[in-house]
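Here are some exercises to work through with the model open beside you. Try each task before you read its solution.

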Amino acid sequence: MKIHEYQAKELLKKFNVPVPRGIVAHSAEEAFQAAKELAVEPVVVKAQIHAGGRGKGGGVKLAKTAEEARDLAQKILGMKLVTHQTGPEGREVRVLLIEEGLPIDKEFYLGIVLDRASGRPVFMASAAGGMDIEEVAARTPEQIFKETIDPAVGFRSFQARKLAFALGLPNELISQAVKFMQALYSAYESMDASLLEINPFLLTKDNRLIALDAKLNFDDNAMFRHPDFKELRDLNEEEPLEIEASKFDLNYIKLDGNIACMVNGAGLAMATMDIIKLAGGEPANFLDVGGGASQERVEAAFRILLADPAVRAVLINIFGGIVRCDMVARGVVGAANNLGIKVPVVVRLEGTNVEEGQRVIRESGLNFTVANGMKDAAEKVVALAG
């Protein structure tokens with residue numbers, strides 16, 4: 001789950017991570033009042049959407065007066081902010097953060113993310129603050145310094161010192177930087193975050209270290225430990241079909257292609273998307289229905305897949321391990337009858353009771369094509385999608 005910058009900063013303050021003073025505004029008048037209350041010059045008017053690159057897209061502006069903050073807020077609120085992370089459709093700005101301007105000396109990058117190769121969190125730091133870390137990694141990877149963290153002992157002070165020295169911070173600020181980084185890791189671990197980025201991590205001209213921006217994502221699998229985080233979710237920032245899928249515990253991500261995929265198992269879903277592309281097609285989604293592919297769940301999945309107007313064909317790829325193929329087949333047929341599916345559907349079944357499952361599909365009288373193997377399924381669905 002993603003949250004807004006202003007929400008991330010409120011949470012980080014609880015872990016003693018220094019952040020700028022700021023006030024949330026939902027209207028131009030609230031922005032005016034916030035700027036007056038902050039009583040500094042300038043203030044920063046920041047659009048709040050779940051995407052990076054807001055400054056380049058025109059969503060972050062400096063205002064020298066409260067009146068100017070009101071004028072800028074009027075222009076930014078309601079605009080479709082387009083960045084490299086939103087896609088060409090952009091995101092509508094519904095909320096602003098009015099924040100104190102700070103005397104910037106240098107900008108750095110700090111980030112904590114799970115390294116799936118080692119199965120451990122990695123603390124990253126770079127002197128190339130304010131830039132997209134992906135761009136830095138691609139062009140100048142030597143500028144990214146990393147410390148792998150053993151979860152059993154946590155993020156040690158010597159690791160933080162190594163990163164602080166690598167950034168070239170003055171000696172008198174090393175202890176401040178160590179305290180800052182350890183507070184960040186404490187927040188990351190305590191909140192079951194999957195990503196925590198401070199970009200830029202700011203050194204001010206009066207020698208303060210501050211989180212000028214904050215990006216915080218939570219691990220959905222740990223949300224049961226943080227029921228209060230549900231209030232931070234902004235459904236306006238999420239894809240409507242993904243919201244609908246979450247109601248049925250379906251793992252769904254919308255993509256740009258025209259071949260819908262329904263698969264049980266995340267690894268098989270990734271392989272299915274790969275083989276569709278290999279066959280010359282483009283997947284319209286990632287969808288993992290999980291181990292319990294009941295008729296109700298399959299029907300919900302079908303409904304979500306077909307709600308995407310770009311979909312021209314559907315590929316169902318099921319491996320019957322925990323769940324039987326004949327059970328899935330009956331669920332698919334029942335769901336198709338209820339929904340009146342009009343696009344062609346290719347079904348590939350493998351595993352427990354596969355022969356019975358294929359018989360159910362063939363004798364359904366519906367517009368289904370049975371495939372033998374993944375390659376055959378991919379080629380057939382790409383041809384049917386045109």
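**Exercise 1. A hairpin and its sheet**

How many residues lie between S10 and S11 in their hairpin, and which residue in the turn has a positive phi? Then work out what else S10 pairs with.

Solution. Keep in mind that this is a predicted model.

Step 1: Start at the turn. Four residues separate S10 and S11 in the hairpin, and asparagine 207 in the turn has a positive phi of about 65°.

Step 2: Count the bridges on this side. S10 and S11 run antiparallel and are joined by three bridges, with phenylalanine 201 standing opposite alanine 211 in S11.

Step 3: Look for other partners of S10. Eight bridges link S7 with S10, again antiparallel; here leucine 110 has isoleucine 198 of S10 as its bridge partner. S12 also runs antiparallel to S10, through four bridges, and glutamate 197 is paired with lysine 215 in S12.

Step 4: Check how covered the strand is. Of the 12 residues of S10, 11 are buried.

**Exercise 2. The largest nonpolar core**

Find which residues have the most contacts inside the largest nonpolar core, and which element supplies its largest share.

Solution.

Step 1: Get the membership. This core has 44 residues, and those with the most contacts inside it are Leu110, Phe123, Met181, Leu184, Ile198, Leu216 and Phe218.

Step 2: Map the core onto elements. At least two residues each come from H1 (5–13), S7 (104–115), S8 (120–126), H5 (157–166), H6, S10, S11 (209–211) and S12 (215–218). H6 gives the largest share, 10 residues.

Step 3: Note that there is a second, separate core, with 37 residues, including Val332, Val343, Val347 and Leu349.

Step 4: Zoom in on methionine 181, which sits in H6 (residues 174–190). Its relative accessibility is 0%, so methionine 181 counts as buried. Leaving out residues up to four places away in sequence, methionine 181 touches Leu110, Phe123, Phe155, Ala160, Leu163, Ala164 and Leu167.

Step 5: Do the same for phenylalanine 218. With the same sequence neighbours left out (up to four places away), its contacts include Met1, Ile3, Leu11, Met191 and Asp192.

**Exercise 3. One face of a helix**

Why do the buried residues of H2 line one face of the helix?

Solution.

Step 1: List them. In H2 (residues 28–38), the buried residues are Ala28, Ala31, Phe32, Ala34, Ala35 and Leu38.

Step 2: Look down the axis. The buried residues of H2 fall within an arc of 165°, so they line one face.

Step 3: Recall the helix geometry. An α-helix has 3.6 residues a turn, so residues three or four places apart point the same way.

Step 4: Ask what covers that face. The cover of the buried H2 residues includes S1 (22–25), S2 (43–47), H3 (66–76) and S6 (96–100).

**Exercise 4. Backbone oddities**

Which residues does each cis peptide bond join, and where do aspartate 192 and asparagine 353 lie?

Solution.

Step 1: Read omega. Glutamate 41 and proline 42 are joined by a cis peptide bond with omega of about 0°; proline 42 is in the loop between H2 and S2. Asparagine 199 and proline 200 are also joined by a cis peptide bond, with omega of about 10°, and proline 200 belongs to S10 (residues 193–204).

Step 2: Read phi. Just after H2, alanine 39 has a positive phi of about 55°. Aspartate 192 has a positive phi near 55° and lies in the loop between H6 and S10. Asparagine 353 has a positive phi near 60° and lies in the loop between S17 (345–351) and H11 (354–362).

Step 3: Compare with the burial cut-off of 20%. Aspartate 192 has a relative accessible area of 17%, so this residue is buried. Asparagine 353 is at 35% relative accessibility and therefore counts as partly exposed.

**Exercise 5. The largest pocket**

Which residues lie nearest the centre of the largest pocket, and which element supplies the largest share of its lining?

Solution.

Step 1: Take the volume, which is about 2300 Å³ for the largest pocket.

Step 2: Go to the centre. Of the 50 lining residues, Met1, Lys2, Asp220, Glu242 and Ile253 lie nearest the centre of the pocket.

Step 3: Sort the lining by element. Among those that each supply at least two residues are H6, S10, H7 (240–246) and S15 (285–288). S13 provides the largest share, four residues.

Conventions: Residues are numbered from 1 along each chain as its sequence is written. This is a predicted model: local features need pLDDT of at least 70, side-chain atom pairs count only at pLDDT 80 or more; totals for chains, interfaces and linings use all residues. Side-chain values use heavy atoms; hydrogens and water are left out. Buried means under 20% relative accessible area, exposed over 50%, partly exposed in between (1.4 Å probe, protein chains only). The arc is that of the directions from the helix axis to the C-beta atoms. Contact means heavy atoms within 4.5 Å. A nonpolar core is a set of buried Ala, Val, Leu, Ile, Met, Phe, Trp, Tyr and Cys residues joined through side-chain atoms within 4.5 Å. Two strands pair if DSSP finds at least two bridges between them. On a 1 Å grid over the protein atoms alone, a cavity is a set of points where a 1.4 Å probe fits but cannot get out, and a pocket is an open set with protein on both sides within 12 Å along at least five of seven lines; lining residues have an atom within 4 Å of a point. Grid points are joined across faces, edges and corners, and a volume is the space filled by probe spheres set on the points.
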